Amino acid sequence: MQDVIRIREAEICRSELDRRAQAQIVDDLRTVVKQAPLFSPTTPRGRPMSVRMTSAGTLGWVSDRRGYRYENLHPAGEPWPDIPESVLAVWRRHGSETRAPDCCLINYYGDGARMGMHRDNDEKDFSWPVVSISLGDAALFRIGNLTRGGRTESTWLESGDVAILRGPARRLYHGIDRIRFGSSDLLPTGGRINITLRVVD
């Protein structure tokens, strides 16, 4: 039986994806990255983010001096690739069988990378969940409240875990404090891939 836990209303499905399914997604993402290479975003204040990212789908999430937003083109000027079927299968299980996600955001965490507390707040319709897939090294996930500050809770996300933020959890602040670099051999050079699927409009 699948191990499902709740942390601050976020649903985490432990070991949702077996090793074969994880490897298939990683292989499919290589095709995505060939078409839409990873890039290093900056915050609107000009601070470099420690993750590298790209997207698939009709829209991609970007961040630079102009702000946080969705764009229909990669920073290099090319359209985003299609979302791989192996990733869409996870969305259909946990997001919607009828409504496809507009954006598949792909973040790569190298040694020392983290993601500060934030909330997914750039979409127009918050009735749809955010479905997040963890691949590779374990990551310490922290989730808090509707506003910054206050008590938070944390748990380790392992390769193959799927987290779903819906309903009350959809707009909670959350982040990745650190990764346990080298804890997984899924990626040949180590690190963590996080995939988040979102409906934007």
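How much space lies in the largest pocket? In this predicted model, the answer is about 1,000 Å³. The lining of the largest pocket is made up of 38 residues. Those that lie nearest the centre are M49, M115, G116, M117 and H118, so a reader who wants to find the middle of the pocket in the structure above can start from these five names. Several strands contribute to this lining: β6 (103–109), β7 (115–118), β8 (130–136), β11 (162–165), β12 (174–180) and β13 (192–198) each provide at least two residues. Sorted by class, the lining of the largest pocket holds 17 nonpolar, 11 polar and 10 charged residues.

The second largest pocket has a volume of about 270 Å³. Its lining consists of V26, L29, R30, V33, L38, R52, I106, Y108, L187, P188, T189 and I193. Two or more of these residues come from each of α1 (19–35) and β6. Helix α1 gives the largest share, with four residues. By class, nine residues of the lining of the second largest pocket are nonpolar, one is polar and two are charged. Strand β6 is a helpful landmark here, since its name appears for the largest pocket and again for the second largest pocket.

Attention now turns to a single residue, S86. Helix α2 (residues 85–94) is where S86 is found. Is S86 buried or exposed? The relative accessible area of S86 is 18%, and S86 is buried because this value is under the 20% cut-off. Leaving aside residues up to four places away in sequence, S86 touches Q24, I25 and D28. With D28 there is also a polar contact, in which the two side chains are joined at 2.6 Å.

Charged side chains form the last part of the picture. How many salt bridges does a search of the whole structure find? The search finds 17, and a few of them are worth following by eye. One of these pairs is E11 with R6, where the closest N and O atoms are 3.6 Å apart. The partners sit in contrasting surroundings: E11 counts as buried, at 17% relative accessibility, whereas R6 counts as exposed, at 58%.

Another salt bridge brings together the side chains of D185 and R19, with 2.8 Å from N to O. This pair links distant parts of the chain, 166 residues apart: D185 belongs to the loop between β12 and β13, while R19 belongs to helix α1. D185 is exposed, with a relative accessible area of 59%. R19 is partly exposed, and its relative accessible area is 45%.

The side chains of D64 and R69 also meet in a salt bridge, again with an N to O distance of 2.8 Å. Here D64 is partly exposed, with a relative accessible area of 25%. R69, by contrast, has a relative accessible area of 15% and is buried, because that value falls under 20%. Which residues are linked with D64 and R69 in a network of salt bridges? The network includes R66 and E71 alongside D64 and R69.

Notes: Residues are numbered from 1 along each chain as its sequence is written. This is a predicted model: local features need pLDDT of at least 70, side-chain atom pairs count only at pLDDT 80 or more; totals for chains, interfaces and linings use all residues. Side-chain values use heavy atoms; hydrogens and water are left out. On a 1 Å grid over the protein atoms alone, a cavity is a set of points where a 1.4 Å probe fits but cannot get out, and a pocket is an open set with protein on both sides within 12 Å along at least five of seven lines; lining residues have an atom within 4 Å of a point. Grid points are joined across faces, edges and corners, and a volume is the space filled by probe spheres set on the points. Ala, Val, Leu, Ile, Met, Phe, Trp, Tyr, Cys and Pro count as nonpolar, Asp, Glu, Lys and Arg as charged, and the others, Gly among them, as polar. Buried means under 20% relative accessible area, exposed over 50%, partly exposed in between (1.4 Å probe, protein chains only). A polar contact is a pair of N or O atoms within 3.5 Å; within protein, one must be able to donate a hydrogen and the other to accept it, and residues adjacent in sequence count only if both atoms are side-chain atoms. Contact means heavy atoms within 4.5 Å. A salt bridge is a side-chain nitrogen of Lys or Arg within 4 Å of a carboxyl oxygen of Asp or Glu.
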